[in-house]
Amino acid sequence: MELNPRRVALLVAANTALAPFAIDAYLPAIGILAESINASIHHTELSISMFLFGFAIGQLCFGPVSDRYGRKPVLLSGLVVFMLASLMITTVDSLGSLLVWRFIQALGGGACVVNSAAIVRDCFRGREAAKVMSTMAMIMMLAPLVAPAVGSILLHIADWWLIFVFLAAYAGFLLWLLGTRLPETRDTSLPAASPRQVVRNYASVLRHREAMGYICAVAASFAGLFAFITASPFLYLEYFDLSPGIYPLVFGVNVVMIALSNRVNIYLLRKRTPQQNLRLGLTVQLLAAAGLVVATALNVASIYVVVPLVMLFTGMIGLITPNAIASLLDHFGHISATATALLGGVQFSCGALAGVLVGLFQVEHVWPMVLTMLGAALLGNIGVRLLTKAPVIDNAPCR
């Protein structure tokens with residue numbers, strides 16, 4: 001099967017969208033789900049962090065397996081696990097069982113999504129890879145834009161359990177789509193790594209100073225994003241007292257911003273390097289987080305102040321993530337899935353930790369969210385500026 005950039009972007013985006021759907025579709029139903037399992041909304045929000053932890057472990061475990069045995073076997077097996085776990089979540093009656101099945105669901109999801117960036121790296125390099133990843137991310141952003149609205153509709157039709165039936169059905173669709181439309185992209189001439197070599201491969205990424213700078217950028221921005229996502233049901237449904245029907249709208253504007261910044265990223269890549277765009281996105285993100293803290297300290301953090309600043313913060317994901325991943329994988333093309341797995345493991349672990357910081361202590365205020373977002377933005381900026389080289393100005397046109 002012939003693969004062109006557009007087809008790769010579409011197929012990989014459909015696969016990568018599994019994670020945003022799994023995270024965002026049930027957000028409007030968290031309050032009702034919490035009542036169903038006799039738990040508080042804050043403790044039920046920890047199921048988001050549990051999913052992220054499982055997702056991180058799934059990527060770390062199955063990224064090297066993908067480099068050894070190929071992308072498709074790992075991808076399709078992960079989809080089966082995700083689908084079955086989604087169906088089991090419909091039967092949960094306690095917080096403990098919810099957390100266990102969300103963890104197993106995330107293991108399958110991690111095995112799927114860890115292949116996305118590796119497939120792009122199998123087929124493209126440099127600026128072309130960054131452009132494909134931006135296109136992929138822009139398409140993928142439809143998932144978190146649509147997911148809360150889909151969740152609200154399904155909640156209105158039946159109850160929270162129908163959302164997880166939908167997730168199982170989407171995994172089944174991907175099983176057919178990728179099984180029939182995506183060829184194996186791993187170069188079979190590359191040697192298969194032994195378990196000992198896998199450990200050495202991970203160590204080689206961890207020892208690479210510049211690579212860790214790019215991983216820090218992605219992980220920190222992701223942590224800030226999930227500080228907001230974890231807090232958003234409380235923030236919008238309880239703190240600002242919005243209805244479940246309005247929630248998808250105020251949540252979705254952040255996704256629109258990410259999609260727009262992805263388009264801006266593609267345009268800027270004509271004359272700027274991925275590293276320049278990465279630093280620009282991190283700087284703007286830090287300014288937005290500082291604005292949220294100042295507004296909260298001055299007691300002017302109304303919905304009309306918080307929503308635009310959160311939009312600016314989350315929107316910068318479109319400048320940070322595709323450029324950081326493309327820059328990272330330029331150093332590790334021979335072990336792209338392993339490098340992606342380590343990136344995903346650190347990224348989702350940081351997102352989970354941010355969610356725990358926001359939700360565990362049940363503080364009825366926006367302070368946990370805004371302080372976590374500011375801390376994440378500071379770490380991202382410091383990491384990139386300390387660990388990576390200053391970008392070289394490159395005005396050569398993109399081919």
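**Exercise 1. Cavities**

Task: How many cavities of 30 Å³ or more does the count give, and which residues line the second largest cavity?

Solution: Let us start with the count, which comes to three cavities of 30 Å³ or more. Keep in mind that this is a predicted model. Next, pick the second largest cavity, with a volume of about 70 Å³. Its lining is made up of His42, Glu45, Ala231, Phe234, Leu235, Val358, Val363, His365, Val366, Pro368 and Met369. Now ask where these residues sit: α12 (209-239) and α18 (367-387) are the elements that give two or more residues to this lining. Helix α12 provides the largest share, three residues. Finally, sort the lining by class: eight residues are nonpolar, two are polar and one is charged.

**Exercise 2. An aromatic pair**

Task: Why is the pair formed by Phe21 and Tyr170 called tilted?

Solution: First, the overall picture: the model has 16 aromatic pairs. A pair of rings is described by the distance of the centres and the angle of the planes. For Phe21 and Tyr170, the centres are 5.4 Å apart and the planes stand at 45°. Stacked pairs have planes under 30 degrees apart and edge-to-face pairs over 60, with the rest counted as tilted. An angle of 45° therefore makes this pair tilted.

The next step is to place the two rings. Phe21 belongs to helix α2 (residues 18-24) and Tyr170 to helix α10 (residues 161-181), so the pair ties together parts that are 149 residues apart in sequence. Both Phe21 and Tyr170 are buried. They also belong to one aromatic cluster, formed by Phe21, Phe166, Tyr170, Phe173 and Trp176.

**Exercise 3. Thr314 and its helix**

Task: Is Thr314 buried or exposed, and what does it touch?

Solution: Begin by finding Thr314, which is in helix α15 (residues 303-315). A residue is buried if its relative accessible area is under 20%. Thr314 has 0% relative accessibility, so it counts as buried. Leaving out residues up to four places away in sequence, Thr314 touches Leu225, Phe228, Asn254 and Ile258.

Now look at the whole helix. The buried residues of α15 are Val306, Val307, Leu309, Val310, Met311, Phe313, Thr314 and Gly315. They pack against α12, α13 (247-268), α14 (274-297), α16 (317-329) and α18.

As a last step, check the length of α15. With 13 residues, at 1.5 Å a residue, α15 should span 18 Å. The C-alpha atoms at its ends are 17 Å apart, which agrees.

**Exercise 4. Two long-range neighbours**

Task: Which residues are in contact with Leu268, and which does His331 touch?

Solution: Take Leu268 to begin with, found in helix α13. Setting aside neighbours within four places in sequence, Leu268 is in contact with Asn277, Leu280 and Leu319. Follow one of these partners: Leu319 is 51 residues from Leu268 in sequence, and their C-alpha atoms are 9.7 Å apart in space.

Then move to His331, in the loop between α16 and α17 (336-359). Its relative accessible area is 33%, so His331 is partly exposed. Not counting residues up to four places away in sequence, His331 touches His208, Glu210 and Tyr214. To finish, compare chain and space once again: His331 and Ala211 are 120 residues apart along the chain, while 7.6 Å separates their C-alpha atoms.

Technical notes:
Residues numbered from 1 in each chain as written. Predicted model: local features only at pLDDT ≥ 70, side-chain atom pairs only at ≥ 80, totals over all residues. Heavy atoms only, no water. 1 Å grid on protein atoms, 1.4 Å probe; cavity = no way out; pocket = protein on both sides within 12 Å on 5 of 7 lines; lining within 4 Å. Points joined across faces, edges and corners; volume = space filled by probe spheres on them. Helix = DSSP H or I, 4+ residues; strand = E, 2+ residues; numbered from the N terminus. Nonpolar A, V, L, I, M, F, W, Y, C, P; charged D, E, K, R; others polar. Phe/Tyr/Trp six-rings, centres within 6.5 Å; stacked < 30°, edge-to-face > 60°. Buried < 20%, exposed > 50% of the residue type's maximum accessible area, 1.4 Å probe, protein only. Contact = heavy atoms within 4.5 Å. Expected span 1.5 Å × (residues − 1).
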